[in-house]
Amino acid sequence: MTLSPHWIALLPPEGEAALWRLHAWRFSPHVAEVADGVMGAALLLEVAGSERLFGGRRALLRRLLRPEAAVQKTSARIRWQQAASAQTALGLLRGECLGLPRPAQVPDGLPLQVLGAASEHAATLGRMGCRTWGQLRALPREGVARRFGAGLLEAIDQAWGQRPEPYTWVAPPERFDERMDLPFIADSLDGLAGTLTRLLALLQLWLMARQLGLRRLQLRWAHDQKRLNGAALPPQDCLDLATAQPTQDMAHLRRLLDEHLHRTGLAAPVRSLRLRVLEAAPWAGAARSLLPEDHRPGEPLHQLTERLSARLGAHRVRRLQARADHRPERQQGWVEAGSGTIETPGTQADFRPEALCPTWLLAEPVPLPVLNHVPQHGGPLWRMAKLHRIEAAWWEEQTGETGPTRRDYYIAHSPAHGWVWVYRERFQWYLQGCYA
């Protein structure tokens with residue numbers, strides 16, 4: 001089914017064109033900028049293909065024309081018009097800017113002065129008694145083309161939907177790097193709140209438009225002073241923030257930034273903020289379940305650990321991380337919980353069967369005494385089965401670490417301690433685990 005085109009023309013308030021572009025991309029990928037001598041710079045959106053996603057045309061318009069209060073610099077009313085063609089929507093918007101009344105019939109009753117292609121010919125056409133779009137359309141086409149050029153007829157045909165309206169769609173910027181001056185010099189963190197909220201709102205719009213999730217960002221603030229108490233100050237300071245998973249949750253990012261800023265503090269009064277995305281990843285959206293028991297209350301674990309790391313310090317909150325290593329004592333380790341790099345563990349089923357692994361692994365292998373070629377641990381060990389041999393870490397010989405490892409693993413039985421997990425490396429026996 002072919003959808004009838006529907007166009008919306010917007011005239012953003014002065015100085016907010018970039019903001020409204022980001023906002024418009026939430027509702028349609030078909031966004032164009034039109035430079036006009038009457039209006040300045042206007043935005044055109046073709047929304048026929050996305051109306052259904054927002055619950056219909058009226059619901060889309062309501063959300064488009066009422067953005068979040070945090071995004072807007074001013075509360076000025078935005079001017080807008082809608083029509084079945086871009087030429088008509090722009091003509092209606094020009095008429096509103098000029099203070100002209102809306103005609104009863106659109107587009108027939110629109111005056112020629114709001115048709116961009118007819119602006120240089122409006123006086124001549126007026127002397128001919130042609131003052132509206134409908135009257136211009138009724139003139140002989142060959143005579144209009146010969147006297148005024150084919151562009152005028154093309155614009156009229158586009159207004160009635162008889163010709164396509166080619167526009168160059170503008171795409172969201174590939175990088176997010178926004179700077180804002182504070183409304184006043186801030187000497188405390190409370191003075192940064194409003195501007196930081198607006199920057200994060202812009203960031204969320206950019207992430208939605210690019211279908212990305214944030215991984216790392218940088219917040220910079222410029223100092224208003226060059227020296228403080230006789231000591232030289234850097235012109236600006238910065239804070240880098242990383243998340244464990246791609247996110248578009250600005251509330252979580254705001255909490256993290258607040259925690260880090262309270263720990264860092266401000267060295268001097270601040271006059272501007274700059275927010276820059278250092279790394280982003282494709283956004284797959286949030287997975288939702290139809291089952292109510294899967295909607296657990298509270299925040300996700302990775303958000304909790306990130307917030308605790310920001311509050312207590314990254315080195316005080318740690319998590320286990322699996323590692324791709326054949327040596328059992330190197331297969332996991334403690335890393336900072338807020339670390340964004342996660343190593344993928346290798347497949348372990350090929351070198352030790354999961355069913356035969358011990359339930360208790362010692363922190364460090366314990367050397368065992370040997371008597372008459374038999375290892376001792378609470379008595380002589382009876383070797384029940386040889387599990388496997390591992391040969392690994394040959395690359396560490398050059399780094400000065402432990403060097404190559406060659407071990408033969410056994411399940412053995414101790415008269416005093418029961419079943420144990422031991423291995424022999426060269427001529428030395430070691431106890432590495434116990435079975436419950």
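Biologist: Is the crossing of helix 8 and helix 9 left-handed or right-handed?

Modeller: The crossing of helix 8 and helix 9 is right-handed. This statement, like the others here, refers to a predicted model.

Biologist: Why are helix 8 and helix 9 called oblique to each other?

Modeller: Two packed helices are described by the angle between their axes and the distance between the axes. Here the axes of helix 8 and helix 9 (residues 250-264) cross at roughly 140° and come within 10 Å. An angle must be over 145 degrees to count as roughly antiparallel, and the range for roughly perpendicular is 65 to 115. The value of roughly 140° falls in neither class, so helix 8 and helix 9 are oblique to each other.

Biologist: How do you know which residues of helix 8 and helix 9 meet?

Modeller: The criterion is heavy atoms within 4.5 Å. By that criterion A193, L196, T197, L200, L203, Q204 and L207 of helix 8 meet M250, L253, R254, L257, D258 and L261 of helix 9. The residues of this contact comprise nine nonpolar, two polar and two charged.

Biologist: What makes helix 1 and helix 8 oblique?

Modeller: Helix 1 and helix 8 pack at about 45°, with an axis separation of 8 Å. Roughly parallel would require an angle under 35 degrees, and roughly perpendicular begins at 65. The angle of about 45° meets neither condition, and helix 1 and helix 8 are therefore oblique to each other. The crossing of this pair is left-handed.

Biologist: Which residues bring helix 1 and helix 8 into contact?

Modeller: From helix 1, L19, L22 and H23 take part, and they meet R198, L202, L205 and W206 of helix 8. This contact divides into five nonpolar residues, one polar and one charged.

Biologist: Which residues of helix 1 are buried, and what covers them?

Modeller: In helix 1 (residues 17-24), L19, W20, L22, H23 and A24 are buried. Their cover includes strand 1 (7-11), strand 2 (31-36), strand 3 (40-46), helix 2 (57-65) and helix 8.

Biologist: Which residues touch the most other members of the largest nonpolar core?

Modeller: The largest nonpolar core holds 49 residues, and L10, L45, L203 and L273 touch the most other members. Helix 8 (residues 193-210) gives the most to this core, namely nine residues. There is also a second, separate core of 30 residues, with A32, L92, L125 and L136 among them.

Biologist: Why is S272 called buried?

Modeller: The relative accessible area of S272 is 3%. The limit for buried is under 20%, so S272 qualifies as buried. S272 belongs to strand 10 (residues 270-282). Apart from neighbours within four places in sequence, S272 is in contact with R179, M180, D181, L182, R220, W221 and A222.

Biologist: What makes V420 a buried residue?

Modeller: V420 has a relative accessible area of 0%, which is under the 20% limit, and V420 is therefore buried. V420 is part of strand 18 (residues 418-425). Its contacts, without residues up to four places away in sequence, are H377, L381, Y410, I411, A412, L431, G433, C434 and Y435. V420 and Y435 are 15 residues apart along the chain, and their C-alpha atoms are separated by 5.8 Å.

Biologist: Why is H373 called exposed, and what is notable about its phi?

Modeller: Exposed requires over 50% relative accessible area; H373 has 74%, so H373 is exposed. Most residues other than glycine have a negative phi, and most peptide bonds are trans. The phi of H373, however, is positive, near 65°. H373 is placed in the loop between strand 14 (370-371) and strand 15 (374-375).

Biologist: How do you know that R426 counts as exposed?

Modeller: R426 reaches 63% relative accessibility, which is over the 50% cut-off, so R426 counts as exposed. R426 has a positive phi of about 60° although it is not a glycine. R426 lies in the loop between strand 18 and strand 19 (428-434).

Biologist: Which residues does a cis peptide bond join?

Modeller: V106 and P107 are joined by a cis peptide bond, with omega about 10°. P107 is located in the loop between helix 3 (86-97) and helix 4 (122-127).

Biologist: How many helices and strands are there in the protein?

Modeller: The protein has ten helices and 19 strands. Of its 436 residues, 42% count as buried.

Definitions and conventions: Residues numbered from 1 in each chain as written. Predicted model: local features only at pLDDT ≥ 70, side-chain atom pairs only at ≥ 80, totals over all residues. Heavy atoms only, no water. Helix = DSSP H or I, 4+ residues; strand = E, 2+ residues; numbered from the N terminus. Buried < 20%, exposed > 50% of the residue type's maximum accessible area, 1.4 Å probe, protein only. Core = buried A, V, L, I, M, F, W, Y, C linked by side-chain atoms within 4.5 Å. Axes fitted to C-alpha atoms, helices over the stretch in contact; angles between N-to-C directions. Left-handed = near helix turned anticlockwise from the far one by under 90°. Nonpolar A, V, L, I, M, F, W, Y, C, P; charged D, E, K, R; others polar.
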